[in-house]
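I sat down today to look up some backbone oddities. Here are my notes, in the order I made them.

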Amino acid sequence: MKKKLVSVMLSTAVAATMLAGCGGSGADSAADTAQSVADAATETADAVEEAAGDVADAAEDVAEDVTEDVADAVEEAADDTDYGTGEIKVWVADNVVDFTNEQIATFQSEHPEFSGYTFTVEPVGEGDAAGNMITDVEAGADVYAFAQDQIARLVTAGALEEVEESNAEAVKAENDAGAVSAATVGGTLYAYPITSDNGYFLYYDKSVVSDPSTLEGIVADCEAAGKNFYCEINSGWYQTAFFFGAGAELTYDTDDEGNFTKCNSTYASDAGVVALKEIAELASSKSFQNGSAAGEATNVGAIIDGTWDAGTVKDLFGDNYACAKLPTFEGADGKSYQMSGFGGFKLLGVKPQQDDNKLAVCDALAAFLSSEDVQLARYNAVGWGPSNLNAQQSDEVKADEALSALAEQLQYTIPQGQYPGEYWSLATSLGDSVISGEITKDSSDDDFMKALEDFQTTCEGYAQ
Amino acid sequence: MKSYKRKRTVSNVIGYIVLILISIIWLFPFVGLVLQSFRSYSNEYGGMVDYLVPHTFSLDNYRFLFSGETNFVKWYANTLIIAVCVTIFQTIIILCVSYALSRMRFKGRTLLMRFWLILGMFPGFLTMICLYFLLKQFGLTQAGAVPGLILVSVASSGMGYYVCKGYFDTIPKALDEAARIDGATRARIFFTMIIPMSKPIIIYTALVAFMAPWCDYVFASYVAFGHDTSYNVAVAMTRWVWTNDYQGYFTRFCAGGVLIAIPVLLLFMFLQKYYVEGVTGGAVKG
Amino acid sequence: MGGDANNKKKSGASLFFEAIGNGFKEIGVTFAQGDIKTKLSFIILGLGPILRGQFVIGIALLLCEVLFFWFMFGFGWQYLSKITTLGTIATKKVKRKTVYGDNSFLILLFGILCVFAIIALITIWYINIKENRKEELALKSGKKLPTNGDALRSLLDKNFDKTLLALPVTGVFVFTVLPIVFMILVAFTNYDKNHQSPTNLFTWVGLENFKNLVSFSKNGLGPTFVQVLLWTLIWAFLATFIDYFLGLAVAILINKKGIKFKKLWRTILVMTIAVPQFVSLLYVMKMFANDGLINGYLKKWGFIQSYIPFWTDPMLARITIIVVNIWIGIPYMMLIATGLLMNIPEDLYESAKIDGANGWQMFRSITLPYMLFVTGPFLLTQYTGNLNNFNVIYLLTQGKPQSMNLAERAGNTDLLVTWLYKMTVTDTNYKMAAVLGIVVFIVTAVVSLVVYNMLPSVRDEEGFQ
């Protein structure tokens with residue numbers, strides 16, 4: 001009963017302020033009507049709840065009509081809009097929780113009109129965010145960070161709202177093209193890019209690896225020193241370094257609803273065989289370890305990893321810390337190939353809302369958290385490479401050793417588009433098949449081809 | 001006679017050797033866990049290493065847990081609250097059910113027992129999604145996950161009556177009959193006769209109930225997701241091992257693990273006698 | 001709920017129908033011979049008892065009826081009416097605002113609740129009629145009706161079972177029965193990641209999902225299902241029996257005359273029971289990792305050149321899991337065996353010794369048969385427990401390594417339950433998870449039924465004396 005009362009009060013208040021805001025001569029009479037109706041509503045609310053509801057509805061109706069009539073006037077007075085109250089939940093990775101809280105405090109002081117809202121930041125990793133959002137959209141965060149590979153899945157599940165029009169233009173203009181395409185499903189922009197550093201390159205120990213330019217050389221050096229070489233070959237993300245490097249292709253087309261319409265794959269080809277053979281060859285080395293988390297690695301000689309682990313790797317290698325673009329490898333056909341891979345992005349999404357005002361606040365928050373200043377601040381705080389073009393050009397970003405290795409690698413990589421969730425699991429299966437010795441470097445070309453044909457047809461099966 | 005004695009000595013020596021070997025194997029992971037938990041975080045980083053004894057010992061990891069950088073204390077408190085509440089309510093419910101099924105003969109008794117037996121054959125995870133939304137109707141997810149988890153554990157605990165009922169079955173019925181002739185009601189018999197006689201089984205039931213929540217990862221993570229302060233230790237700390245967001249948390253995981261293991265371990269050792277009694281009784285009755 | 005009740009009663013089908021016939025007859029007789037109070041009670045539950053002064057019973061009955069109608073019209077009907085389609089109104093956008101349509105999930109959930117409520121009301125209605133009949137007959141024969149106080153007091157004595165069981169049975173119903181029925185029904189819908197409430201609707205699809213599970217065509221799950229099922233059965237068998245015999249052996253060793261510090265050895269062993277598994281098993285998992293402690297030391301000491309793939313080679317991963325499970329499983333068996341071994345009469349061994357039997361012969365002809373006889377039910381519960389042993393598998397390997405030969409994220413060490421868990425949590429493929437859940441139930445039930453009937457202690461209760 002209390003709830004209903006509150007909502008009655010609120011709607012009348014909204015109507016009243018809106019009308020007070022426009023104030024034009026044409027709207028005057030309508031405003032009066034609405035005002036009096038609203039007053040009546042407030043009075044009766046105490047006495048007869050039922051009736052109050054009806055009247056309030058009427059008040060709202062009137063208000064809506066008025067709003068349409070004087071749409072222009074309202075827009076002018078948009079700053080005076082009462083956004084009401086509410087709670088906005090934000091999910092980000094644990095290591096940026098404090099950072100995000102600080103930024104939100106700034107956001108609140110810049111936007112006093114959102115003072116009715118409280119913001120809570122929860123540590124939910126980018127990997128878990130999508131799964132949790134999909135399990136229960138209602139209980140999920142209003143604004144959340146996620147890795148781009150989840151975007152299509154989130155759109156299908158109805159967990160992502162389209163980016164508001166004016167924001168969309170700004171996002172497209174200010175961020176690098178790869179980031180924008182990563183946040184786009186079909187023809188619609190669904191998310192705000194925040195980083196452009198989800199790519200990988202080589203970290204190595206100078207005292208172990210003498211020449212980081214060829215894969216064979218790195219592996220030989222690691223073997224000689226009894227150190228481990230980490231490369232996560234059972235991940236669909238790292239695996240592509242070999243496949244794309246050898247010249248095989250795999251992309252998907254999507255429609256606006258996040259459905260996959262077409263799969264373009266040339267994995268089942270000579271190029272694919274070269275790549276898979278190279279993976280098997282690498283896996284047979286005694287120094288090879290499957291993995292890409294520097295913090296979990298032991299006895300590291302070299303590791304293929306991303307900028308987010310730069311700090312960890314520095315601790316590991318100390319003075320011998322060095323990074324480089326990915327090496328080349330010599331294929332079974334005798335040719336030399338440059339390793340390629342994905343350039344990926346972290347995105348910020350807004351959940352679909354049942355309340356326009358709250359949605360507006362979420363839009364504003366997401367735009368703020370992905371703005372140039374905040375991206376730069378985030379780089380300074382935790383070292384995440386920005387996707388914003390201006391931020392990328394700043395001096396401190398340009399001076400970063402890891403980021404420059406990534407930049408050097410970037411010319412060989414392919415911006416990561418949309419892939420169905422099953423692709424990642426399938427790629428893990430392919431990698432596991434190699435690691436577990438189902439496919440070894442001594443397998444026949446037919447075996448390689450068969451595995452890749454299976455892989456490709458299954459991939460194609462994911463597109464309807 | 002002499003050779004017999006010698007044979008016996010030899011076999012005893014072999015026995016000791018085997019037992020010592022077993023003990024080493026059994027204790028090795030725990031020793032590793034404790035050693036790693038004392039590894040200096042600042043000198044050796046918190047990730048996994050391939051050596052057993054840390055180069056420098058320190059309390060870094062324990063300090064981290066209580067530093068307020070994470071909600072470890074909160075998670076610990078949550079788990080403790082869940083464990084204590086579940087222990088109390090689950091024990092009461094199991095005692096009630098066991099008494100009713102063991103001592104009273106009513107219509108539908110065997111039907112109920114069979115029905116519950118069949119229900120128990122469905123895997124528990126099957127219903128996770130449904131339970132989640134049921135709890136959500138009552139507002140017992142995310143922020144309310146702690147009471148929610150207690151409710152779910154307690155609600156279905158009636159089905160775990162087997163061991164306790166088996167124990168009640170061994171208390172002679174003649175005692176009941178005598179008391180009833182003296183005019184005692186069923187309730188009176190239950191409270192003043194049966195319960196005081198069942199101390200071992202009550203302790204066993206409570207101990208088992210107490211230990212389960214410490215390991216509840218599956219359902220707890222499903223109910224509490226996205227709300228850090230209502231996680232339990234298992235949900236919060238498995239992230240440190242499984243998620244790449246938490247690199248270098250391995251030694252912290254070990255430290256947290258030690259802190260969790262100690263109270264449970266002590267309680268268990270202290271009440272071991274009752275546990276053995278319960279397990280043995282349960283195994284034989286089936 | 002209905003399914004198993006039927007199963008049970010099938011054996012006495014004629015009895016069952018007879019009972020139903022009698023029930024209807026009783027209702028008819030009650031109505032025909034009843035006075036106006038009884039007749040009115042057919043519509044207003046509990047009116048008869050109230051008019052006859054039985055307030056406690058009467059008001060309880062009346063309250064049930066009121067509650068039912070309040071629930072049905074205030075809440076339930078909007079869901080129940082849509083249960084055949086599971087909702088038709090799609091979610092739509094009004095400008096930028098999202099307006100959610102029907103929620104198939106809640107329609108199904110509360111639809112089931114409504115059906116249960118209706119069944120409950122019919123049952124209560126029947127109880128109400130019987131109560132009226134009882135009271136009327138009692139009054140006719142000149143007996144006095146029990147006072148209200150008596151009715152309440154009986155809840156602590158004659159009807160104490162109802163008091164004790166009310167709460168537990170309700171709890172089991174709401175948090176076990178209702179969800180299980182719900183999930184069984186989900187197996188017949190297309191509830192998956194593309195049909196997720198509240199944004200999308202899902203609907204009935206019949207046996208589609210079951211066909212998919214056993215389909216051996218290109219996209220079918222058949223081959224994967226067979227492999228996972230086989231590994232589940234083999235794992236449960238090995239885990240149960242290896243632990244059983246090793247546990248028994250350890251118990252015999254510790255019980256051996258001449259071995260001292262018995263309590264110490266036992267205490268060391270039971271540590272694996274006491275320490276929460278997510279701590280101990282995750283540490284062990286890291287210990288055996290390719291770049292973990294064990295491989296590190298083996299390499300350092302020169303035993304191996306390259307690491308042993310404990311978790312990444314399918315066969316080795318299975319073996320390692322079973323070995324680690326020994327670490328967890330032996331202590332239980334040891335505890336049980338210790339108590340039971342002491343029950344074997346000493347003179348059996350003495351007389352065997354006089355006959356010149358050695359240790360092994362005594363074990364085979366005295367100890368083992370006794371233990372197998374006594375612990376038969378325990379073995380059965382262990383086996384079914386291992387069929388569903390989520391913790392060991394998931395904490396150690398998460399079902400990995402995956403393989404190109406397996407579909408739907410299944411791995412080489414996945415049990416049916418861990419596969420089910422992945423489907424629920426990672427893929428939100430609820431329809432297939434529900435199907436798998438039913439399969440797990442069937443497997444468990446069949447194994448239990450077959451083994452239970454083979455157990456010597458069931459066949460011959462007096463057996464070993």
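These entries cover cis peptide bonds and positive phi angles.

**Entry 1: ground rules.** I am working with a predicted model. I reminded myself that most residues other than glycine have a negative phi, and that most peptide bonds are trans.

**Entry 2: cis bonds.** Which residues does a cis peptide bond with omega about -5° join? I found C:K400 and C:P401. I then placed C:P401 in the chain C loop that runs between α17 (390-396) and α18 (416-425). I also noted a cis peptide bond from C:S197 to C:P198, where omega is near 0°. For C:P198, I traced the position to the loop between α8 (160-186) and α9 (208-213) of chain C.

**Entry 3: C:Q398.** I stayed with the loop between α17 and α18 of chain C, since C:Q398 is there too. I read a positive phi of about 55° for C:Q398, which is not a glycine. Is C:Q398 buried or exposed? I have to answer in between: C:Q398 has 19 other C-beta atoms within 10 Å, so I call it partly exposed, as buried takes 20 or more.

**Entry 4: C:T428.** Where does C:T428 lie? I located C:T428 in the loop of chain C between α18 and α19 (430-454). I noted a phi near 40° for C:T428, again a positive value in a residue other than glycine. I count C:T428 as buried because it has 21 C-beta neighbours inside 10 Å, and the cut-off is 20 or more.

Note on methods: Residues numbered from 1 in each chain as written. Chains lettered and ligands numbered in written order. Predicted model: local features only at pLDDT ≥ 70, side-chain atom pairs only at ≥ 80, totals over all residues. Helix = DSSP H or I, 4+ residues; strand = E, 2+ residues; numbered from the N terminus. Buried ≥ 20, exposed ≤ 12 C-beta atoms within 10 Å, placed from the backbone.
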